[in-house]
Amino acid sequence: MSFYATVERYRHFDFADFFARVTPAQVDMALSADSLSENDFLVLLSPMASASLEQMAQKAHQLTVQYFGRTIQLYIPLYISNFCANECIYCGFHRGNAIRRKKLTMAEIEAEARTIAATGMRHLLLLTGEAPAVTPIEYLEEAVRLLKRHFASVSIEIMPMAEEDYRRLKEAGVDGLTLYQEVYDESRYALVHRAGPKTDYRWRLDGPERGARAGFRMVNIGPLAGLGEVRSEVFLSGLHARYLEDTFLQTEISLSLPRMNPAEGDYRPDFAASDRDFVQFVTALRCFLPRAGLTISTRERAAFRDRLIRLGATRFSAGSCTGVGGYGEQKADAGSPQFEITDERSVAEVVRAIREAGYQPVYKDWDLI
């Protein structure tokens, strides 16, 4: 079993023709449905549905409050290495880029952890470049055990791994996996991933399933908006999330829609999503996936992120740094960042904005029993 069967089913689907034929009546029918079909979801992603954005926003708000309450769960990323064996043309960690490479020692990870924990954050996302020779499983296990002394939850956003390696990291203390497919269109995937282990489309696509089978509590997926035609990419990511929800009933599935930001190498995406498009995608995803978490990262502007609090978002990063070693006393010596962040507010400032919107910021929402 694999989501790849669904990717193949839509490989030759004419999305442009479908969108051109959507009518206002179809949009109304999709919005009135208690549970959206794949066709309904695609209708709500169409340009025609943009005229009904207010109704979509109202439904998304109602569903989010029904399933999640007025809460926003907080997390913070920690990069511990930017060495990478891949040639992804959009990424600052591209192995051909002449950047400052850095891998943190355990003492440096400890220092970063103490600085981050002092902000009150209790959910941490651990990130590396994809370089197994530099950051082997043993290094990752040691880092996770160290970080679990400071944080209630440690998730990973690293190279795709075999199920047995995911099990080892779960045993060390990892409870969540973030693994972006980046782009679901297989031909576009090959175009932007030119060399390295990341060229293996199927290995990456099936990674979330291996993580769920390994027992991770949460699995987060998504496309990198800008690498492929955006509406079809959001559609396939939504189908991927529903497939994972239906297949792994004990796993919390969430989805992110990061938009391209400048990175080393100055890549310019071939596709764009306006703020209005982005709101449409978030609200359509919420209508299609009422139980799924929706993460909004610091790639987005502060004021825009604040608007999304009421429109379906459930999870925010805060106080983020995408450089290696960017939090503690040695941040002047940090490794080059993966991409530029846009919302540069501190954790306290993001918390204040969430409260001003009438929502509760959640620093910690679970414990291992």
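Tutor: Two strands pair if DSSP finds at least two bridges between them. Keep that rule at hand. The model is predicted.

Student: How many bridges join strand 1 to strand 2 (residues 123-128)?

Tutor: The pairing rule asks for at least two bridges. Strand 1 and strand 2 meet it and run parallel. The number of bridges joining them is 5.

Student: Which residue in strand 2 is the bridge partner of Tyr79?

Tutor: Strand 1 spans 71-81. Its parallel neighbour here is strand 2, residues 123-128. In strand 2, the bridge partner of Tyr79 is Leu127.

Student: Through which helix does the chain cross from strand 1 to strand 2?

Tutor: The two strands run parallel. The chain makes a β-α-β crossover between them, and this crossover is right-handed. The helix on the way is helix 6 (residues 106-117).

Student: In strand 8, what is the bridge partner of Tyr75?

Tutor: Strand 1 pairs with strand 8 in the parallel sense, over 3 bridges. Strand 8 covers residues 315-317. Within strand 8, Tyr75 has as its partner Ser317.

Student: And in strand 9, what is the bridge partner of Thr71?

Tutor: Strand 9 covers residues 360-362 and runs parallel to strand 1. The two are joined by 3 bridges. The partner of Thr71 is Gln360.

Student: How many of the residues of strand 1 are buried?

Tutor: A residue is buried if its relative accessible area is under 20%. Strand 1 is mostly covered. Its buried count is 10 of 11 residues.

Student: Which residue in strand 7 does Ser256 stand opposite?

Tutor: Strand 6 (252-256) and strand 7 (293-296) both give residues to the lining of the largest pocket. They run parallel, joined by 3 bridges. Opposite Ser256 stands Thr295.

Student: From strand 7, which residues point the other way from Gly293 and Thr295?

Tutor: Gly293 and Thr295 point one way, and both are buried. The residues pointing the other way are buried too. They are Leu294 and Ile296.

Student: Which residue in strand 8 is the bridge partner of Ile296?

Tutor: Strand 7 and strand 8 run parallel, with 2 bridges between them. Ile296 takes part in this pairing. Its partner in strand 8 is Phe316.

Student: Which helix makes a right-handed β-α-β unit with strand 7 and strand 8?

Tutor: The two strands are parallel. A helix joins them in a right-handed β-α-β unit. That helix is helix 14 (residues 302-308).

Student: Which residues lie nearest the centre of the largest pocket?

Tutor: The largest pocket holds about 410 Å³ of space. Its lining has 23 residues. Strands 1, 3, 6 and 7 each give two or more of them. Nearest the centre lie Phe68, Glu252, Arg291, Gly293 and Asp365.

Student: How do the residues of the lining of the largest pocket divide into nonpolar, polar and charged?

Tutor: Gly counts as polar. Gly293, one of the lining residues, therefore falls in the polar group. The full division is 7 nonpolar, 10 polar and 6 charged.

Student: Why is the pair of Phe15 and Phe19 tilted?

Tutor: The search of the whole structure finds 17 aromatic pairs. In this one the ring centres are 6.4 Å apart. Planes under 30 degrees apart count as stacked and over 60 as edge-to-face. The pair is tilted because its planes lie at 35 degrees.

Student: About how many helical turns separate Phe15 and Phe19?

Tutor: Phe15 and Phe19 are both buried. They lie in helix 2 (residues 15-21), 4 residues apart. The separation is therefore about one helical turn.

Student: Which residues form one aromatic cluster with Phe15 and Phe19?

Tutor: Phe15 and Phe19 make a ring pair of their own. They also belong to an aromatic cluster. Its other members are Tyr10, Phe13, Phe18, Phe41, Phe235 and Phe288.

Student: What is phi of Glu182 near?

Tutor: Most residues other than glycine have a negative phi. Glu182 lies in the loop between strand 4 (174-178) and helix 9 (186-192). Its phi is positive, near 75 degrees.

Student: Is Glu182 buried or exposed?

Tutor: The cut-off for buried is under 20% relative accessible area. Glu182 has 9%, so it counts as buried.

Student: How far apart in space are Ile158 and Ala131, C-alpha to C-alpha?

Tutor: Ile158 sits in the loop between strand 3 and helix 8 (163-172). Ile158 is buried, at 7% relative accessible area. In sequence, Ile158 and Ala131 are 27 residues apart. In space, the distance is 9.3 Å.

Technical notes:
Residues numbered from 1 in each chain as written. Predicted model: local features only at pLDDT ≥ 70, side-chain atom pairs only at ≥ 80, totals over all residues. Heavy atoms only, no water. Buried < 20%, exposed > 50% of the residue type's maximum accessible area, 1.4 Å probe, protein only. 1 Å grid on protein atoms, 1.4 Å probe; cavity = no way out; pocket = protein on both sides within 12 Å on 5 of 7 lines; lining within 4 Å. Points joined across faces, edges and corners; volume = space filled by probe spheres on them. Right-handed = clockwise from strand over helix to strand, strands pointing away. Phe/Tyr/Trp six-rings, centres within 6.5 Å; stacked < 30°, edge-to-face > 60°.
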